Amino acid sequence: MRLPVRTTCPYCGVGCGIVANADGTLAGDPQHPANRGRLCSKGAGLGETLDDADRLLQPEIRGRKAGWDEALDRVAETVSRTIIRHGPDAVGFYVSGQLLTEDYYVANKLMKGFIGSANIDTNSRLCMASSVAGHIRAFGEDIVPGCYDDIDVADLVVVVGSNMAWCHPVLYQRLAAAKAARGSRIVVIDPRRTATCEIADLHLAPRAGTDVVVFAGLLAHLAASGACDKAPAQPLAAGFDEAVEAAREAAPSLAETASVAGLAPADLARFYAWFATTERTVTVFSQGVNQSSAGTDKVNAIINCHLATGRIGRPGMGPLSLTGQPNAMGGREVGGLASQLAAHMGFGAADIDRVQRFWDAPRLATRPGLKAIDLFDAALTGNVKALWIIGTNPADSMPRAARVRAALQACPFIVVSDCWPTDTTRLADIVLPAAAWGEKDGTVTNSERRISRQRPFRPPPGAARPDWWMLTEIARRMGWGQAFRYRGPADIFREHAALSAFENAGRRVFDIGALAQLSDAGYDQLQPVQWPVCIADGPKEARFRGRQRVPVDTAKARFVATAYRPPAQAADEAWPLTLNTGRVRDQWHTMTRTGAVPRLMAHCSEPFLDIHPADAGRLGVADGGLVRVESRFGTVVLRARLSHGQRLGEVFVPMHWTDRYCSAGPVGRIVGAAADPVSGQPELKATPVKVTAIATLWRGVLVRRAAPAPPGMPCYWVRIPVAGGQLFELAGSEPLPSGRSGEAWISEVLGASPAAELVIYADARRGAFRYASIVGDRLEACLFIAREPAGLPAREVSIAALGRRVAAEARLALLAGHDSAGSPDGEAGRTVCTCFGVGLRTLYRAIVERRLASVADIGSALQAGTNCGSCVPELAGALRHVKAGTAL
Ligand SMILES: Nc1nc2c(c(=O)[nH]1)N[C@H]1C(S)=C(S)[C@@H](COP(=O)(O)OP(=O)(O)OC[C@H]3O[C@@H](n4cnc5c(=O)[nH]c(N)nc54)[C@H](O)[C@@H]3O)O[C@H]1N2
Ligand SMILES: Nc1nc2c(c(=O)[nH]1)N[C@H]1C(S)=C(S)[C@@H](COP(=O)(O)OP(=O)(O)OC[C@H]3O[C@@H](n4cnc5c(=O)[nH]c(N)nc54)[C@H](O)[C@@H]3O)O[C@H]1N2
Ligand code: SF4
Ligand SMILES: [Mo]
């Protein structure tokens, strides 16, 4: 592979371009229109994820290593047998927005055209389904009319249910730049005060799940204030009167709207007035909108306000749904959801006929298949008997995770393709090693419909192979070789492009037919381009012209009347708190990639439950103390963080941590699965729970070189990868075993080999016990136990000593010294700036002592925030806290 290679980031839907350089470094691609050279902390840390040590390298059949032929034959035979005995609907695929468009296209074609069922659904069901359904209801097709440039030229940007500062950081930086350059106003609507609020002119923190009321109130206000009459002369979309009537019913007055949403009427009125009077308005939204039992209505309630004012598909105007995964949009293009057929076609008779002829499909699915929640239910009840999971980790990321795991165990045949071992691969009959980012070759589409190439710059390790290849090999083995005769991704892409144009004649906006003519070399050189795509005149390498904005045909568009429904399960006396879940800045989903990078772990190294201090006070919950969080579906134990950013009655837990990283495992264990009736997207942001404080008898820190989780730890634990090994934070509410079993426990936890020399330091009066395991002069592991956090050492001292030679006379000193004064992160505090390793305490100290007054001052003094910029909102927050005297 000839470097440099231009490719695209494998994380979020911003879709930043990346250059892989010949010297092994990665950098933002200055030519890519999505980022113009910028990368966030995750993108900038990608180089550190390219370690093959933990990768899946060979196919496995029930835990036994096998060759590709044997594994693929087994999959093909079992799927064929299942179809013969139980029919095509007994087979399912559960795929992912991590896949490239080419992988996705082949999976969809195989399932819907050849196996003959539409039982292929994707993790986009948990992510984008409500936006897809809302777009289809409003526009007749899944169209995102706007683009990123609209953010640059808008005068008002409304950010709904989206923590852009952490989840779409490069786009957030663009928004911040637009505000600085032209003074655009920003309104954030999120029940939590997030880092995104740092640049907001107004933060509305509505009660969870009340967005439909907020936007119904807005539509009613727009209608009453005459803002709708100013819409440009064009036929008004159908259903306006009904929508306004429904809005008036849902939000009869400002006072009632404010009361249902739990907002101050004056704040709400300010938002309505700004929206009504600002022509160039963009509304950005993501999971606070989609992941709701009213998700589709939320999407339409937002779009209604843009349709009513004619602010759509024009510069600086429109609803802009942010996609989560790198290729969430590509999956929608190929039709990877069970509710779509292919290429933006559905299950109408004409579409079925058209796709059948195009694919020459022997058994085209003629009705929608099972959506994610139903698919796993069917695996549990025995209706689905063979399930192939590709590029997603449902044992952790699905709601009611215990039920999903039971389904994986009950289903007779589970195949999982992944790059790393996960809680899902553990439950598979067959594991297939997939090529990962940097090795894969194909295309992805970002939130603004921009198709970019992901190009390989390193060979896959071991026997890992790309997903399209595995799918094609299975198709071939099942007798459909002719229809899946692809030499590589370019062949697949051309077919996908041709299908988008097939008998289209302007019926479907998704049309990339011009790209069906690409040669192999043209495909390799393809520049980022937005669909729809036509052939343009001009130099050969830039022959394709995309459409930045898609004008919405208002004659075809529809208003949707939306009535307010509270979350499917409301908090009550038994379950008094509402659990919200979401993301942190430096972790990606179930942590298969980011969890292994010590630098990314430093920003937030333990899972937590954020709770308002007043709720905590009532429940006797202390900051940093352990809590039991219980729902109707399960229980997890977490550490509490007191936060004024939470609403009273609402708590927040990040979605990332899994059984591989902590005793609590995934928060999906307690999250409910009530789904939106239109989109089937589960309500991941509003589960009623109760929280109980747990008395902590002891705390511990374990640092060791060996990786695996401590076996049978009878306590709370979190594993944190650090340079040279693993750090575990431990805490217990039961006394530790004593006597002989205590000794056995200690050596098991230390992972001490018989050759190890054990150094022990005990101060029973203070309840402090410290152990080190030394092999051949080098520190293998050390364990610290204390009654109080202050009795534990500064972690960085033990981490630094790991694997180093410890002189005999220094051993006791290693155990005795370096108390942490209670902060697990030592002198510097929790890392805020990952690029330069600047901690929160260092930051506060510098702001006070050196009188730093701005983010720029901090940059000159500490360098923090001057590289990727992901921490800038937190730097601004620290300045604000110091000024207000609320710094910790
Ligand atoms: N760092 C990081 N970035 C990521 C990802 C990641 O794992 N880590 N994942 C990517 C993916 S796949 C996705 S889908 C996106 C998700 O990106 P976001 O949607 O921005 O992320 P979340 O944290 O899931 O949720 C956003 C916000 O919705 C708020 N919210 C909850 N309930 C409500 C409500 O009823 N109304 C409103 N208005 N807001 C509510 C939450 O408090 C939360 O702050 O991020 C992408 N980017
Ligand atoms: N409680 C709660 N749950 C949530 C959410 C939430 O906000 N709260 N958010 C939901 C959302 S929006 C999303 S998108 C999902 C994400 O949930 P998942 O899809 O389960 O999350 P990932 O960790 O991204 O899983 C992707 C898997 O694919 C593997 N992988 C990466 N690249 C490739 C590849 O090229 N080929 C193959 N075969 N494998 C690959 C990775 O190693 C990883 O195991 O979680 C959902 N679950
Ligand atoms: S914003 Fe960050 S995670 Fe998202 S694509 Fe860009 S570099 Fe990757
Ligand atoms: Mo997502």
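1. Secondary structure. The protein chain contains 29 helices and 34 strands. The model is a predicted one, and the remarks below should be read as such.

2. Overall dimensions. The C-alpha trace spans about 85 × 65 × 55 Å along its principal axes. The radius of gyration of the protein chain is 27 Å, which agrees with a compact globule because such a globule of 888 residues would have a value near 29 Å.

3. Burial and long-range contacts. Of the 888 residues, 62% count as buried. If contacts are restricted to residues at least 6 apart in sequence, 71% of them join residues at least 24 apart.

4. Surface and charge. The exposed area of the protein chain is about 31,500 Å², and carbon and sulfur atoms supply 52% of it. There are 98 positive and 87 negative charges, and the mean positions of the two sets lie 1 Å apart.

5. Helix α20, length. This helix covers residues 489–501, 13 residues in total. From the first C-alpha to the last, α20 reaches 19 Å, close to the 18 Å expected at 1.5 Å a residue.

6. Helix α20, surroundings. α20 is mostly covered, with eleven of its 13 residues buried. The buried residues include the charged side chains Asp491, Arg494 and Glu495. Pro489, Ala490, Ile492, Phe493, His496, Ala497, Leu499 and Ser500 are buried as well. An α-helix has 3.6 residues a turn, so residues three or four places apart point the same way.

7. After α20. Glutamate 503, just after the helix, takes a positive phi of about 45°.

Definitions and conventions: Residues are numbered from 1 along each chain as its sequence is written. Chains are lettered from A and ligands numbered from 1 in the order in which they are written. This is a predicted model: local features need pLDDT of at least 70, side-chain atom pairs count only at pLDDT 80 or more; totals for chains, interfaces and linings use all residues. Side-chain values use heavy atoms; hydrogens and water are left out. Helices (H or I, at least four residues) and strands (E, at least two) are DSSP runs, numbered from the N terminus. The radius of gyration is taken over C-alpha atoms; the globule rule is 2.2 Å times the number of residues to the power 0.38. Buried means under 20% relative accessible area, exposed over 50%, partly exposed in between (1.4 Å probe, protein chains only). Contact means heavy atoms within 4.5 Å. Accessible areas come from the Shrake-Rupley method with a 1.4 Å probe; for residues, only the protein chains shown count as cover. The place of a charge is taken as NZ of Lys, CZ of Arg, CG of Asp or CD of Glu. The expected span of a helix is 1.5 Å times one less than its number of residues.
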